[in-house]
Structure formats: C-alpha cells, structure tokens
Amino acid sequence: MEKIKQKIVSLRNQRRRNNIFLIVIIFCIIMLALSFSPDFSPLFHGNIISIFESIQNNLHNTTPVSYFKNTSAQNQTVIVDKPIRSTGCGVPLSLKTGKSTYIEISSANTKRRFIVYLPDGYTNTTKHPLILAFHGYASNPFALEKFTHFDSVANANNIIIVYPEGTTSLVGLRGWNTGLHPTITVNDVLFVSNMLNALQSNLCINPNQIYATGFSDGGGFVAKLACQLSNRIAAYAPASGSYVTAFRTCRALRPLSVIEFHGTKDTIVPYLGLEAKKEFAALTWASRWAKRDDCKPRAIITKETKRITKYMWADCNDNTSVIHYKIRGEGHSWPHVLFDERRNNLIIKVNAANIIWNFFSKHPLPEKVQQSPKTTSTYIK
C-alpha cells in the first residue's frame, strides 16, 4: 500500500512538472511572438528603462498646455497640400521667444499636442523657416528636443522648431501611423496639415521653407509625409528611419530633396532592412528616391571620416538632391558623430542638426510649386 501511495505522489509530481514545463514553453512562445510584433517589440529590443520612463511621462505629463489665440480658416477635415499664406505675420506674439511652449489643438475632433520653440530672434514681421521634428516610437517630443540640439540651431539661424507628439498604441507607447504599428490608426497626415494651419495662423512662417525631420518611427513618418504633403513640405531628413511606405503607392507630386542618416549597428531598424516588417534597407531607400528624382544612377561616394561615408546622387531633376550618410558602428540613435562642414573655406565639426539645416536651407519649395501648386486639398470623410 505504501508503495502505491508513493507511486501516486510521484505521478502527481511528474504531472505538475510537465504542466509547469508546458506553461513555460507557451510563455516563451508568446514572448517570442510579441518580440516580433511592431507594437510590443521595443519592450524587448529597446532601452527598457527609457521606454518605461516614456510610458510614465505619457501617463503623468504635468507640463502646462497652452492654446493658440487665432483659429485657422482652413477646414479641419481637409489635408492641405500646397503652400498657404501665413496670416500670423503681424499678429501680436502670445508665445515667449527663446523658450519651448507645449501647445494643444483639435484635429478631427481629437486633442493633439506639440512643442513649439521660438528662437531668440523671432519677430512677427519676418517670415521664418520652420522645421517639424518627429519623435520615435516609445518616445516623446520632450526627449527628441533634448537629444537633437535643434534649439541651438534655431537660435543661430532664426528658425522655428516644432516637435509634434504622436498617439499611443495598445501598449501605451507613442508613435505615428505609418502602417507599421497596427493599433495606431489616427490620421497623422491630417494632424500635420491642421497643425501647420494653426501655426501659420499665429506665427510668421515662410510657407516655402517648411521642412520635416524625424527619428526611427518618426523618420518613417517623414517618408510618408514626403509622399502625401510634397507640395507643402519642401525637403526631408529622416534618421534611422523605419521606411515601410511603398514607393508604388507614393503620391509625391514632384522630385524631392532628401537627406538620410543610418548606423550600421542599428539592431532596432537594421541598416540592411528587415524583410519581415517590409522595411527598406537605408541605402536602398535613398537610392530609390534618387531614381525617382531622375538623378545620375551611381552615387558619388566620399569617405568623410573613419566612421562616416557619404553617398550623394548628382544631376537630379528640379535641382533636388539626395544624400545618404552611412555611420559605421552607430546603433539605433540620433547620430552621435560629428560631421565635416565647410564654412568660409574652413572645415569645422558640426552635429547632425547643423547638417540638416544646411541641407534644408538650400532646398526651399521650387518656384513652380510656390506659384501654381498642382493640388490643393484632400477631403477626409
């Protein structure tokens, strides 16, 4: 009898161990599957501390929100893809210069926010260039403002910098509707159009010098904007971008100037692309824009430093330019390296924000777009 009891206990223990083993296997399979899910993957592959800090900031953001005084005359349900006059010129300034202001507007009956940084030298009688800078997935505009150093470039060149804020996915991480994150479904292109309308109704902005840059998922969204707001945004500068917008669906109405940065050690958005997510390899993506702009097929390759190789395509249509920077050893980050820039016959070291502005400043909207845009608006039902 005792032996029978021992055998029963042994069988129960064995069954318990088998169940635990099965649960562990199922858990591991679920975790592995989630690690490849676009909405969940940053929790597995990113900096987990910064990600949870980002979630906490999203939940407990206590930054005071401001509102514009002047309402845009543009319809909130219309994507405006053309340069429009800035009615904010001459309007009394309600924001402080040399300081960031957190603004809230309504877009498609949804509250949307962004940071506006006005340079020290801003005046409401001068039309200023404007740069839109889009944060990555699992991040926020406050973090992007800190590590890109665009504010100092703004003060040196009298540029307005705007850091838009994405919406949250199912797991509470902010990002952009590029098609990569299935639970982010808002119309972000409409938001950008409405945001520009609001900005131009309250600030003195040069409509021919509106530009877009972004990091990671924000860089991927910049690629989407290039295809959908080509007659309103003059040039584009993504970094470590997650490029999933197919060229066959791209509706850009003109050749576009694009400058792109990518690190070879990027494990989040690999330099060579990721077929499982249909992400373009960085060099392939840049070369496709060069082909679309009808540039010379072979890039001019320059070894700028030990870590930086520059690819530049020449003789593109409409005086556009396509440049790709390959950064050896750089991971998934806004470029840490310094670049060589020629100023007054001298080579000086500058950061990526300076390189981007130097590129943007040479590529405003072309005259034919300024005078007669091909399209005016897209109505959202």
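Visitor: Let's start with C204: is this cysteine buried or exposed?
Guide: We're looking at a predicted model here. Anything under 20% relative accessible area counts as buried. C204 has a relative accessible area of 0%, so C204 is buried.

Visitor: And C89, is that one buried, partly exposed or exposed?
Guide: The partly exposed class sits between the 20% and 50% cut-offs. C89 comes in at 28% relative accessibility, so the label for C89 is partly exposed.

Visitor: How many residues apart in sequence are the parts that C89 and C204 tie together?
Guide: The two are joined as a disulfide, with S to S at 2.0 Å. The torsion about their S-S bond is about 90 degrees, so this disulfide is right-handed. C89 lies in the loop between β1 (78-80) and β2 (99-107), while C204 lies in the loop between α6 and β8 (205-215), so the separation of the tied parts is 115 residues.

Visitor: Which helix holds C227, the partner of C250?
Guide: That pair is a disulfide too, with S to S at 2.1 Å. The link is left-handed, with -105 degrees about the S-S bond. C250 is in the loop between β9 (235-239) and β10 (257-263), 23 residues away from C227, which is in helix α7.

Visitor: What is the handedness of the link between C295 and C316?
Guide: Both ends are tucked away: C295 is buried at 10% relative accessibility, and C316 is buried at 11%. Their sulfurs are 2.0 Å apart. With 110 degrees about the S-S bond, the link is right-handed.

Visitor: What's the pairing if I number the bonded cysteines in sequence order?
Guide: The structure holds three disulfides. Going along the chain, you meet C89 with C204, then C227 with C250, then C295 with C316. In numbers, the pairing is 1-2, 3-4, 5-6.

Visitor: Moving on to the nonpolar side, which helix gives the largest share of the largest core?
Guide: That core has 53 residues, and F114, V116, L199 and W289 have the most contacts inside it. Eight of the core's residues come from one helix, spanning residues 188-202, and that helix is α6.

Visitor: How many residues are in the other core, the one with Y117 and V153?
Guide: First, a look at F114 in the largest core. Leaving out residues up to four places away in sequence, F114 touches a set including F68, Y102, V162, F191 and L199. Apart from that core lies another, with Y117, V153, A239 and I355 among its members, and its residue count is 37.

Terms used. Residues numbered from 1 in each chain as written. Predicted model: local features only at pLDDT ≥ 70, side-chain atom pairs only at ≥ 80, totals over all residues. Heavy atoms only, no water. Core = buried A, V, L, I, M, F, W, Y, C linked by side-chain atoms within 4.5 Å. Buried < 20%, exposed > 50% of the residue type's maximum accessible area, 1.4 Å probe, protein only. Helix = DSSP H or I, 4+ residues; strand = E, 2+ residues; numbered from the N terminus. Contact = heavy atoms within 4.5 Å. Disulfide = S-S within 2.5 Å.
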